[in-house]
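Trainee: Please take a close look at one part of this model. I would like the cut-offs behind each term as well.

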Amino acid sequence: MIASSRPDTRRNASPYLYGQETAAVARVLESGQYGHTDVTEEFERRVAGFLGVPDAVSVASGTAALHTALLAAGVGPGDEVIVPSMTFCATVQAILAVGATPRFVDIDPATLCVNDQLVMEAVTDTTAAVVPVLFGGRAVDLATVRNELAERAIVVIEDAAHAFGSHNGARRVGATGALTCFSFGPIKNLTCGQGGMTIPRTPEEADRIRQIRLLGVAQSQSERANITTYRVDTFGLRYQLSGINAAIGLAQLDHFDTTEHTRRRLWRTYQEALVPLDGVTLVDVDADHAVPHLCQVRVSHRDQVFAELRARDIGVGVHYPPNHLQPAFATWRRSLPTTEQAGEEILSLPFHPHLTETDIDRVVSALGKALKSAGAS
Ligand SMILES: *Cc1c(COP(=O)(O)O)cnc(C)c1O
């Protein structure tokens, strides 16, 4: 860990570096090759090996992973995509990027994730895809959705931006057969600085995604070697993961067992410390399987509690203000009572691997005081 960068309880989230990232980036810079390089391909192989899948396709961000997955699955104008409103706005923007229509659905109050019933009720003749969000790292199992939608050629694209490393049963998220998208943004469970990864379902899908992320350029080895005669045969974007970013991810992956262990330990420490507090409902995570990404509670008078905590220099956050209430997405607004209530009550406590037990005590004690002064306990 780089000691000078140790943040405290003022930050809600933070990247966690192990020290090897700096030298790894320096090696790429010294090589003179900054774009998609051997380092990028090594990162793909290492992530595939870690997850236990045949292939993984890196891209420039989690948003790009969702965008390319939707494109590769053939989702476009006239198609409806079922998506929870309770997610980061990136999930919705990726759907709009392919010209499809988001169909917002409500969530299960216990998990803040969609469930089989909520998705199946929203399916119509124009549904082309479902994008469940593995909120907070929870590997929700949508067995009915998977089985029934496969028969109807509706693709399930998992937004696993929060869930790198989490298990779904015995397998890691990404290895369950779904088209899966990860983010390696600054504060995700594993960071590349910026980056993302798509886990394709078939070799053909992997090829399509690889072509889309390289501006639609056909890219056999011989064609790539000869830059004067490249061939563009599909729509695509500049979405590759640079070797600079991949080097950070590789160094992070070497220490992922520590990240995983630390996140679970800190989440459990929070859970125990929060039990005695009146007026707080913990948003549960199965920390035996998930790698917790957030530590969330539900409180009444949330905005006052939030302001009290910020006044005490505690870095609280809200994940997330519901998307169906955002101005940009007003066209697709509908009534989603559970999401709307959660949107008023959820509060994310500082949660990152730099925290100590003392930090957590300080946050929980401040939360107790904030609840009292806000009249929420
Ligand atoms: C971070 C995030 C994304 C987007 O990933 P980026 O790497 O930031 O583009 C998508 N969905 C969710 C739920 C996220 O948290």
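**Cysteines and the strands around them**

Mentor: The structure holds zero disulfides (cysteine sulfur pairs within 2.5 Å). This is a predicted model: local features need pLDDT of at least 70, side-chain atom pairs pLDDT 80 or more, while totals for chains, interfaces and linings use all residues. Residues are numbered from 1 along each chain as its sequence is written, and side-chain values use heavy atoms, without hydrogens or water.

Take cysteine 113. Its closest cysteine sulfur belongs to cysteine 295, and the separation is 15 Å, so the two are too far apart for a bond. Cysteine 113 is buried (under 20% relative accessible area; over 50% is exposed, in between partly exposed; 1.4 Å probe, protein chains only). Its relative accessibility is 1%.

Now cysteine 181. The closest cysteine sulfur is that of cysteine 192, 15 Å away, so no bond is possible at that distance. Cysteine 181 is also buried, with a relative accessible area of 1%.

Next, the strand at residues 179-183. This is β8 (strands are DSSP E runs of at least two residues, helices H or I runs of at least four, numbered from the N terminus). β8 runs antiparallel to β9, and four bridges join them (a pair takes at least two DSSP bridges). Within that pairing, phenylalanine 182 has methionine 197 as its bridge partner in β9.

β9 covers residues 196-199. Gly196 and Thr198 point one way from this strand, Met197 and Ile199 the other way. All four of these residues are buried. In a regular strand the side chains alternate between the two faces of the sheet.

β9 also pairs with β1, residues 57-59. Three bridges join β1 to β9, again in the antiparallel sense. Glycine 196 of β9 stands opposite valine 59.

Back to cysteine 295. Strand β11 spans residues 295-298. β11 sits in an open sheet of three strands, ordered β10-β11-β12 with antiparallel pairing. The edge strands, each pairing on one side only, are β10 (281-282) and β12 (346-349). Two bridges hold the antiparallel pairing of β10 with β11. Threonine 281 faces arginine 298 in β11 across that pairing.

One helix pair to finish. Residues Thr63, Leu66, His67 and Leu70 of α3 are in contact (heavy atoms within 4.5 Å) with α4. On the α4 side, the residues are Ala90, Thr91, Ala94, Ile95 and Ala97.
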